[in-house]
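Work through these exercises with the model in view. Try each task before you read its solution.

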Amino acid sequence: MNERIDDVLREIASVDATDGFPARVRERLDSGGAGSGIGLPLLATAAVVLLLAAGVWLSVKPDNLDTTTEVQAGRAIEGPPQTTGTAAGGQEMAARDAAPSPSPSVRPARMSQARTARVARHGSSTPPDHERALPALSGLGAIGPHSLPTVPLAIHEREVGALRAIEPIDIPALDADEGERR
Amino acid sequence: MTDAELVERAQAGDTAAFGVIVDRYQHVVVRAAMAVVGRRDEAEDVAQDAFLRAYRALPGFRGDASLKTWLLTITWRQALSHRRSLVVWLRRFGSSADEFPEVAARSAPHDTQLADAEFRRAVSSVIRTLPRKYREALMLAAAGDHTFEEMSQALGVPAGTLKWRVSEARRQLKQRLARLGWDR
């Protein structure tokens, strides 16, 4: 069995180079060693991978996210500086950075401008949550102990009838061994 | 002409001398590549690349090891690099060719040929299932071109480790063949 295995192993392992192998090596030596046969597939593979990566990158670019754009429009007026954003957002940021800080009297006008810009971009005049005014505190119902309903404690108000004396009960006397006999 | 003379001439720019080296060691280099990549066409590609690398590295060859061992070192590294490359992985993904294909049966009576072909097919398929390090050592040793000392020097693995890998590969091969009914 061992010899049989050895024979087959030797036959499998002892492959010879095909005819013309030295000539092919010389040809590649003469051509400067170029054309190993894997250069073109490697380039094609790299190109495909780059295209796929670019496609994925473009599909998740912030331009395609409406909510991000809307938040950026609001922040361009009164929010903190953005580190990332769209070209429009970047322009607004640059304008904000160049201009002096808005005074309280200027802010309503700026908010109005932002709202107009937002309507032009998205066709909606509904302001984002952070721009909506809070309702007045006076409009809220008061919450306190006086608003709790009073619960009648009826059990304490029930009248208790007069106590009656219990009449004495006559218990007949027993003989000394009467209990044991029963 | 000896290897040393051929190397000296090739180092001086004599490409014909290097051609003689290619003629002399083509089979040895292809077999070493075959032990790693397992496919004949890829083994020839690796062997060509290995000879080109050897030609470029020839000025640095000092003769510390024999030319054959030096070529084995270059071929082995080239084959490992080839097997890890993305292009090869993609090429194999779309190919149905097997590693270590069965060899053709020798001339023999018809029934013996059939049994031999069956056995060769079983051995080829079991070789493919062996752990990579065992399989590589087994196939390189089975080619019979190198001593364990030469293999040790070229691969950077102790000779004792290589001997153990070959022995373990043979034991597993025999065991798996027995499971397939080839125990006699």
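For helix pairs, an axis is a line fitted to the C-alpha atoms over the stretch in contact, and angles run from 0 to 180 degrees between N-to-C directions. Keep in mind that this is a predicted model.

**Exercise 1. Two chains, one kind of element**

Task: State how many helices and strands chain A has, and do likewise for chain B.

Solution.
Step 1. Take chain A. Its secondary structure comes to eight helices and zero strands. From the N terminus, the elements read α-α-α-α-α-α-α-α.
Step 2. Take chain B. It holds nine helices and zero strands. Its elements run α-α-α-α-α-α-α-α-α from the N terminus.

**Exercise 2. Burial and contacts along each chain**

Task: Find what percentage of the residues of chain A count as buried, and what percentage of chain B.

Solution.
Step 1. Chain A has 182 residues, and 9% of them count as buried.
Step 2. Chain B has 184 residues, and 34% of them count as buried.
Step 3. Now turn to contacts. In chain A, consider those with a separation of 6 or more: residues 24 or more positions apart account for 39% of them.
Step 4. In chain B, consider contacts between residues at least 6 apart in sequence. Of these, 66% join residues at least 24 apart.

**Exercise 3. Where the chains meet**

Task: Which element of chain A gives the most to the side that touches chain B?

Solution.
Step 1. Count the two sides. In chain A, 28 residues are in contact with 37 residues of chain B.
Step 2. List the elements of chain A that give two or more residues to this side. They are α1 (2-13), α2 (21-30) and α3 (39-59).
Step 3. Pick the top contributor. It is α1(A), with eight residues.
Step 4. Sort the chain A side by class. It has 15 nonpolar, six polar and seven charged residues.

**Exercise 4. The crossing of α8(B) and α9(B)**

Task: Are α8(B) and α9(B) roughly parallel or roughly perpendicular?

Solution.
Step 1. Locate the helices. In chain B, α8 covers residues 148-155 and α9 covers residues 159-179.
Step 2. Read the geometry. The two axes come within 8 Å and cross at roughly 110 degrees.
Step 3. Apply the cut-off. Angles of 65 to 115 degrees count as roughly perpendicular, so α8(B) is roughly perpendicular to α9(B).
Step 4. Name the residues. From α8(B) come Phe148(B), Glu149(B), Met151(B) and Ser152(B); from α9(B) come Ala159(B), Leu162(B) and Lys163(B).
Step 5. Sort them. This contact has four nonpolar, one polar and two charged residues.
Step 6. Add the hand. α8(B) passes α9(B) in a right-handed crossing.

**Exercise 5. The buried face of α8(B)**

Task: Why do the buried residues of α8(B) line one face of the helix?

Solution.
Step 1. Find the buried residues in α8(B). They are Met151(B), Ala154(B) and Leu155(B).
Step 2. Look down the axis of α8(B). The buried residues fall within an arc of 85 degrees, so they line one face.
Step 3. See what they pack against. The partners in chain B are α4 (67-84), α7 (132-143) and α9.
Step 4. Check what comes next. Gly156(B) follows α8(B), and its phi is positive, near 70 degrees.

**Exercise 6. α2(B) and its two partners**

Task: At what angle does α2(B) cross α4(B), and at what angle does it pack with α1(B)?

Solution.
Step 1. Start with α4(B). The axes of α2(B), residues 15-37, and α4(B) come within 9 Å and cross at roughly 35 degrees. The crossing is right-handed.
Step 2. Sort that contact by class. It has twelve nonpolar, two polar and two charged residues.
Step 3. Move to α1(B), residues 3-11. It packs with α2(B) at about 140 degrees, with the axes 7 Å apart. The two helices are therefore oblique to each other.
Step 4. Add the hand. α1(B) passes α2(B) in a left-handed crossing.
Step 5. Name the residues. Leu6(B), Arg9(B) and Ala10(B) of α1(B) meet Ala17(B), Phe18(B), Val20(B) and Ile21(B) of α2(B).

**Exercise 7. One residue up close**

Task: Is Val22(B) buried or exposed?

Solution.
Step 1. Place Val22(B). It sits in helix α2 of chain B.
Step 2. Count its neighbours. Val22(B) has 23 C-beta neighbours inside 10 Å, so it counts as buried.
Step 3. Leave aside neighbours within four places in sequence. Val22(B) is then in contact with Pro22(A), Val25(A) and Phe51(B).

How values were computed:
Residues numbered from 1 in each chain as written. Chains lettered and ligands numbered in written order. Predicted model: local features only at pLDDT ≥ 70, side-chain atom pairs only at ≥ 80, totals over all residues. Helix = DSSP H or I, 4+ residues; strand = E, 2+ residues; numbered from the N terminus. Parallel < 35°, antiparallel > 145°, perpendicular 65-115°, else oblique. Left-handed = near helix turned anticlockwise from the far one by under 90°. Contact = placed C-beta atoms within 7 Å. Nonpolar A, V, L, I, M, F, W, Y, C, P; charged D, E, K, R; others polar. Buried ≥ 20, exposed ≤ 12 C-beta atoms within 10 Å, placed from the backbone. Arc of directions from axis to C-beta.
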